[in-house]
Amino acid sequence: MGKVRLGIAVISGRDHNPKFTKCLLELVARLTLEAKFTFQLMLRDNVGCLSAGRQLILDQAVEAGLTHILYIDDDMTFPTDVAYSLLKHDVDVVALNAVRKDPAKWTFCARGEDGAMVSSYGRMGLEQVRRVGMGVMLVNVEAAMKAPKPHFEVVYNRYSKAYISEDYFFCDLMRAVGCKIYIDHDASQNVGHVGDFVYGICSPVG
């Protein structure tokens, strides 16, 4: 894994949910006490454009000489060892496979090569995927710099007649320059997506 210089990126345009805040504080406390590598918080509030916020974080990480960015959305819950869990894989991009905030059906964010949903229910190990959301995603900065700006763009696909979100766009861009996208099934067992309640593997709906 080499010498890690980690940025923990939280981009917000709203107040933080207490469940998210608790997880973030516990993560920071653990990393501070154990001091296995250097890290810094990269908190951005009053962000009106998520794509611009994600790009700003990446640009600042390059300027600061950081090796990795751990993007964490402000509506997620996650275990305190999430940074260690994702860093140990030493890959270009690895994320947790969160459950979408849809009370009508239980679906995961990751998509396979065929475009079908990839479930993490009861699964273990690392799996390469085509796309995954950035709710909790670790990005190798050097790998990201292989791709040109903009890294995060919302575009309209006229074939599917649907918008491609900035996180899926990022995955497509990274794959286009030869990088690989993975999900960690083990760590995904304990990620939550905060909505009307915490959506996750332990709280199936539908």
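**Salt bridge exercises**

Let's start with a residue to keep in mind: Asp75 is buried, at 9% relative accessible area (buried is under 20%, exposed over 50%, partly exposed in between, with a 1.4 Å probe and protein chains only). This is a predicted model, where local features need pLDDT of at least 70, side-chain atom pairs count only at pLDDT 80 or more, and totals for chains, interfaces and linings use all residues. Residues are numbered from 1 along each chain as its sequence is written, and side-chain values use heavy atoms, leaving out hydrogens and water.

**Exercise 1.** Work out which side chain meets Asp75 in a salt bridge, and where the two sit.

- Step 1: Take the rule, a side-chain nitrogen of Lys or Arg within 4 Å of a carboxyl oxygen of Asp or Glu.
- Step 2: Arg14 fits, at 3.6 Å from N to O.
- Step 3: Place them: Asp75 lies in the loop between strands S3 (68-72) and S4 (76-77), and Arg14 in the loop between strand S1 (5-11) and helix H1 (18-34), 61 residues apart. (Helices, H or I, of at least four residues and strands, E, of at least two are DSSP runs, numbered from the N terminus.)

**Exercise 2.** Find the partner of Glu26 and say how the helix separates the pair.

- Step 1: Lys22 is a salt-bridge partner, with the closest N and O atoms 2.7 Å apart.
- Step 2: Both are in helix H1, four residues apart, so about one helical turn separates them.
- Step 3: Glu26 is partly exposed, at 32%.

**Exercise 3.** Decide whether Glu166 and Arg54 are buried or exposed.

- Step 1: Their side chains form a salt bridge at 3.0 Å, N to O.
- Step 2: Glu166 is in helix H5 (166-176) and Arg54 in helix H2 (50-64), 112 residues apart.
- Step 3: Both residues are buried.
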